[in-house]
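Please read the following explanation with the model open beside it. It goes through a sheet, some salt bridges, and the pockets and cavities.

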Amino acid sequence: MFGFATTAVLVLGISSTAYTSPTLETRQSGASTHSPPWYPAPLGGTSKSWAGAYQKAYEMVSQMTLLEKINITTGTGWAMGPCVGNTGPVPRLDFPSLCLQDGPLGVRFADKITAFPAGITVGGTWDRKLMRARGEALGAEFRGKGANVLLGPAMGPLGKFPAGGRNWEGFGSDPYLQGVASYESVLGIQSQGVIATAKHWVGNEQEHFRQGENAISSNIDDRTLHEVYMWPFQDSVKAGVGAVMCSYNKINNTAACENSWLQNNVLKDQLGFQGFIMSDWGAQMTGVNSAIGGMDMSMPGDGLVWDQRNSLWGNKLTASVLNGSVPIERVDDMVTRIVAAWYKVGQNSGYPAPNFSSWTKNSTGNIYYGSYEGPVGVVNQHVDVMSDAHSTLARKVAAESIALLKNDRSTLPLTRKHRKIGVYGEDAILDAGGPNVCPDRGCNKGTLASGWGSGAVDFEYLSEPLAAIKAKAATYGATVTAVTNNTLLGDVATSAAKQDVCLVFINADAGEGYIQWEDVAGDRPNLATQKNGDALVLAVANACKNTVVVVHAVGPILVEPWIEHRNVRSLLWAHLPGLESGNALTDVLWGATNPSGKLPYTIGKTLADYGADAAVLYTANAQPWPQQDFKDGLLIDYRHFDAAKITPRFPFGFGLSYTKFSQSRRLDVVKRAPMTPLPRPRPAAEVKAPVYNSSIPAASEVVFPPGFTKIRTLIYPNLNSTSEVSNSSTPYPYPPGYSTPAAKSPAGGPEGGNPDLWTVLYTVSTTVRNTGRVAGAEVVQLYTEPPKGSGAPVRQLRGFEKVFLRPGESRRVSFELTRRDLSAWDSAAQNWKVPSPGVGVVVGSSSRSVVAKAWLKTEA
């Protein structure tokens, strides 16, 4: 038997006559918060876009034994295969062991791969085409290495906490921006035949207290869940994502990987998710409850203790089917979802096997590394999946993400008149130990091009900013002087006084919580620059009349100590640029690339500006686990600044250019469909889910056969003896609500939810013109302004388009607004609803720049 967690009833709104639901409260608070039960887990295979894959999966799974099914759903154990996650195969049916591999910016633990710009950098481009192209390139490299499942893109954490350690893996602190980037990334990755993974589902917003049986509880009200944290996952499901990863933390005091409300109801029913849900590595807390709660794959297969091999599934799941505590129909659905995802991306034909090892760079070694014994064989073929095209793309993404936040007296771009160039700061150079000096990039040494943790990769090379600057300067005979020790401020000042222009490099690093560097335990302790950065800037600016600051950072930092210094002429925000860092930066510094990046988050003047609920919980506030109430609700990042009427230092969506743009002050609005309050009724399932006539085998059929030789520490589905099956007459203690089938939400439907949510209601158009002297790109942004009293933010992003224009050129930009874009979540009705009397729309160049407005009226 498995352990189980009691699931009490959570209230997320008031029940309505249209939908019978648990009584729901509008705001959760502390240990009294719980998620309602929602059973049974919906069957996959109800979307016509997956019909072919499910038919093939049905035909294969119908032939499988129970042991073969369990083998696919349970990881083989940490380091018990070439990848960070490995499932068991079904050799007689030609179904392989699946290779699941980090991460969102490249193939982790592998050589001869591209270290692409981080997610936050991609978000900073505000460019859909680049988002898609990076996804395609990632998919191509994962396929080339033989990885079946790419553990990305990351869209959680979303960025509730500006100091959150892993915000950099995602695309920015806005659900719409995250959603677009996630959608394009999923399409790009899966176009290469690789299964993408939307992670981390959900509310995994900080690193402190995120893991273990007493992991933090993120207490999120229903409306906030839908409009903020769920939003990018919905876009990923609409894109056809094959996998979702449930997170370490609890949500409303139920572990994410067994939260039936979130997995069965929201993800699989409301959003119509057709793929499989895997646990984060070690996030599974129970056996039966995670199975009936909607989880489909246990990763890496080990139990509650890392690398212990006491799996919560494996042979325990086999026993649970035999004793009736887990219905065999649930196991059938688990394995069908996994196999269908495999078929959906075409891995059944011509897909390569893994050709690398996550555990050694040697060519040969133990096939099962974690067993610490043979057999021995070739484990690394050192396949080179890099290409000039991928390096060029990485350089383009890095360059086009750079946000020019200040440029007094048009100090940038640099020209041939800048003959003496000073470069200052450790962030301008590679560390003496190279770009991979610390495992998983777990330190801040040298120039910063990536955060740390499982989302990081090894650099084959890293273009050093100082080297790239010297190379560019040499083309016209300029001299470059550098002081790269951040503590030698006297030397810095002496040198800076002699230069025509001074480039000063500062940074701020963070990452996953299993690594601590100095006082950064995953999450940053503050928003300050690191390694004496502020003092370095002031030392340069006090001596050099033309100071340009370059920032590499995982998120916002406070620039108040020096931003208004009269000699700080320019500020370039370069994020985490990946392997082409220096080359991309020089493209912008000298104007080969006109900066067009926009901030994917707000830069405030203090941490307090982000709100009282924007601070990471660093000290446990409750027992047995910390409670984190998401009291800020919908008002994160710029939404809070707007509601509190706080002027940021630099607003969300802001970024300057070397040219100038104008937008028309009149919006053209075309009605495309009636903007009624509610969507059309939920349609019937597009196709019928597969149903099996599976029988439960005798216990004697699932024990190890006589003479079977085990691989040491490998997790198997077999029982050691028939005595492991309990025949107790006492009914299994299922969670409350398990025996009562839940009513389906009217918001549900095929992939992405009710199809009417994706109906275009209005097209809003404007014209943008390049009024300057050089070519450049502008990001036209559309925000909605819900009516007062609706409980919505003052303004929220609902469209953007990046447009490249030559001098004097103009272009019409149109935004298609769907019902979903214009709706708010009604917790009482468990449905999306357009507010009355209507919704305002504004268009501009940032969240604080409004050029034109229009009003869209709700119809009766």
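In which sense do strand β27 and β28 pair, and over how many bridges? The model to look at is a predicted one. In this model, strand β27 covers residues 838–844, and its pairing with β28 is antiparallel, with 6 bridges. To find one point along this pairing, start at V842, whose bridge partner in β28 is K853.

These two strands belong to a wider arrangement. An open sheet is formed by 4 strands, and their order is β23-β22-β27-β28, with antiparallel pairing. At its edges are β23 (796–805) and β28 (852–857), each of which pairs on one side only. From one strand to the next, the twist averages 20°.

Next come the salt bridges. The structure holds 42 of them, and a few can be followed in detail. In one, R330 meets D296, and the closest N and O atoms are 2.6 Å apart. Which parts of the chain does this pair link? R330 sits in helix α11 (residues 328–344), while D296 sits in the loop between α9 (288–292) and α10 (315–322). The two residues are 34 residues apart, and the pair links distant parts of the chain. Is R330 buried or exposed? R330 counts as buried because its relative accessible area is 7%, and the cut-off for buried is under 20%. D296 is also buried, because its relative accessible area is 0%.

A second salt bridge joins the side chains of E400 and K396, at 2.7 Å from N to O. Here both residues lie in one helix, α12 (residues 388–401). They are 4 residues apart, which is about one turn of the helix. The two ends of this bridge fall into separate classes of accessibility. E400 has a relative accessible area of 14% and is therefore buried. K396, at 41%, is partly exposed.

A third salt bridge is formed by the side chains of R649 and E564, with 3.1 Å from N to O. R649 lies in the loop between α17 (638–644) and β19 (661–663), and E564 lies in the loop between β16 (547–553) and β17 (568–573), so this pair ties together parts that are 85 residues apart in sequence. R649 is buried, because its relative accessibility is 18%. E564 has a relative accessibility of 63% and so counts as exposed; the cut-off for exposed is over 50%.

Salt bridges can also be linked to one another. R166, E169, E207, R210 and E512 form a network of salt bridges.

The remaining features are spaces in the model, beginning with the pockets. How much volume does the largest pocket have? Its volume is about 880 Å³. The largest pocket is lined by 46 residues, and those closest to its centre are T87, G88, P89, S97 and Y368. Helix α2 (residues 66–73) gives the most to this lining, with 3 residues. By class, the lining of the largest pocket has 26 nonpolar, 18 polar and 2 charged residues.

The second largest pocket holds about 620 Å³ of space. Its lining has 25 residues, with S657, Y658, T659, K660 and F661 nearest the centre. Two or more residues of this lining come from each of β12 (403–407) and β19. Of the elements, β19 gives the most, with 3 residues. This is the β19 that bounds the loop holding R649. The lining of the second largest pocket divides into 9 nonpolar, 11 polar and 5 charged residues.

Last come the cavities. How many cavities of 30 Å³ or more are there? The count comes to 7. The largest cavity contains about 160 Å³ of space. It is lined by 18 residues, and P435, R441, C443, K445 and T447 lie nearest its centre. This lining has 9 nonpolar, 5 polar and 4 charged residues.

In the second largest cavity there is about 100 Å³ of space. Its lining has 16 residues, of which G159, N167, S173, P556 and Y601 are the closest to its centre. By class, the lining of the second largest cavity has 8 nonpolar, 6 polar and 2 charged residues.

Definitions and conventions
Residues numbered from 1 in each chain as written. Predicted model: local features only at pLDDT ≥ 70, side-chain atom pairs only at ≥ 80, totals over all residues. Heavy atoms only, no water. Pairing = 2+ DSSP bridges. Axes fitted to C-alpha atoms, helices over the stretch in contact; angles between N-to-C directions. 1 Å grid on protein atoms, 1.4 Å probe; cavity = no way out; pocket = protein on both sides within 12 Å on 5 of 7 lines; lining within 4 Å. Points joined across faces, edges and corners; volume = space filled by probe spheres on them. Nonpolar A, V, L, I, M, F, W, Y, C, P; charged D, E, K, R; others polar. Salt bridge = Lys/Arg side-chain N within 4 Å of Asp/Glu carboxyl O. Buried < 20%, exposed > 50% of the residue type's maximum accessible area, 1.4 Å probe, protein only.
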